[in-house]
Amino acid sequence: MGSTYGDWLKQQREEAGLTQQQLADAAVMTRSHIAHIEAGRRVPSKEDARRLDMALNTGNVLSSFRPGEDSRPVGSHFEDALAFEQQATMIREFALSYMPGILQTGRYACEVLRVGFPPLSDKERDQAVDTRLGRAKILADPVTPVVWALLDEAVLRRPVGGPEVMAEQIMHVVRLVEDERVRVHVMPLGLGAHPLLEGMLTLMWFEDQPPVAYVEAMRTGKVHDDPAMVEQFRGAYDLALGDALPLQESLALMRATAKEYGHHD
């Protein structure tokens, strides 16, 4: 990311006679987060930009010209979550219906996006798949972010794209676990009801700001940064995780399911 946006933010802050800490206080952010944005090391979320515009009385300039605003083909409800996802040092995912986006293969992602309504054109779908695969590049770093995925067994059992696509997708996740890049636990169908059945959940932690939670349902999604709300989501996640299969049992189930779909070692 270039530093033009950050340079302009710094200029506006200095012209307003504010220190980074004073601007952080006014925008309900941390000083280090302001410093990262000014240095070009962070992309502000949509909410960050809105708060900065209000604190600096810059209309909607910082919101309108947020880096990458027009180049990432994602749902509008996911824009803020995308910015946070790329900055997180720890991510905990819960998936109810589909594999989490950062764990998806290209063919699986294409099938997920194919069934949306209104339908996407081939070009739009290809761009969306590229974006989804681009998100997964955060896993290229061998350590950060730390990623845990809690999968409802329905994610494995629903044959998205058919047996070949599913076998490939499941084994992709298995290899990430075997490489110790991610940790995956499966919530068995036989468990019945559990605390996360209402939708998908992503919890994210950061080096320089409080954790947030992203909750998504059909065509809707919201980032929550209220500490009490985030703690409630974290509690529900921890409670569900306690009922999930242990890592090795989860791996065994994933391998067996991939074999049922036709995967052969």
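**Exercise 1. Salt bridges**

A search of the whole structure, which is a predicted model, finds 13 salt bridges. Determine which residue forms a salt bridge with Arg 50, and how the two are placed in helix 4.

*Solution.* Step 1: Side chains of opposite charge can pair when their charged atoms come close. Step 2: The partner of Arg 50 is Glu 47, and the closest N and O atoms of the pair are 2.5 Å apart. Step 3: A salt bridge requires such atoms to lie within 4 Å, so the pair qualifies. Step 4: Arg 50 and Glu 47 are 3 residues apart in helix 4, and therefore about one helical turn separates them.

**Exercise 2. Two helices in contact**

Describe how helix 2 and helix 3 are arranged, and state which residues make the contact.

*Solution.* Step 1: Helix 2 spans residues 20–27 and helix 3 spans residues 31–38; their axes come within 8 Å and cross at roughly 110°. Step 2: Angles of 65 to 115 degrees count as roughly perpendicular, so helix 2 is roughly perpendicular to helix 3. Step 3: Helix 2 contributes Gln 20, Gln 21, Leu 23 and Ala 24 to the contact, while helix 3 contributes Arg 31, Ile 34, Ala 35 and Glu 38. Step 4: By type, these residues comprise 4 nonpolar, 2 polar and 2 charged.

**Exercise 3. A pocket**

Characterise the second largest pocket by its space and its lining.

*Solution.* Step 1: The second largest pocket holds about 490 Å³ of space. Step 2: It is lined by 24 residues, of which Glu 47, Arg 51, Phe 84, Val 223 and Asp 225 are the closest to its centre. Step 3: Helix 4 (46–56), helix 6 (79–85) and strand 6 (220–224) each give two or more residues to this lining. Step 4: The lining divides into 8 nonpolar, 8 polar and 8 charged residues.

Note on methods:
Residues numbered from 1 in each chain as written. Predicted model: local features only at pLDDT ≥ 70, side-chain atom pairs only at ≥ 80, totals over all residues. Heavy atoms only, no water. Axes fitted to C-alpha atoms, helices over the stretch in contact; angles between N-to-C directions. Helix = DSSP H or I, 4+ residues; strand = E, 2+ residues; numbered from the N terminus. Parallel < 35°, antiparallel > 145°, perpendicular 65-115°, else oblique. Contact = heavy atoms within 4.5 Å. Nonpolar A, V, L, I, M, F, W, Y, C, P; charged D, E, K, R; others polar. 1 Å grid on protein atoms, 1.4 Å probe; cavity = no way out; pocket = protein on both sides within 12 Å on 5 of 7 lines; lining within 4 Å. Points joined across faces, edges and corners; volume = space filled by probe spheres on them. Salt bridge = Lys/Arg side-chain N within 4 Å of Asp/Glu carboxyl O.
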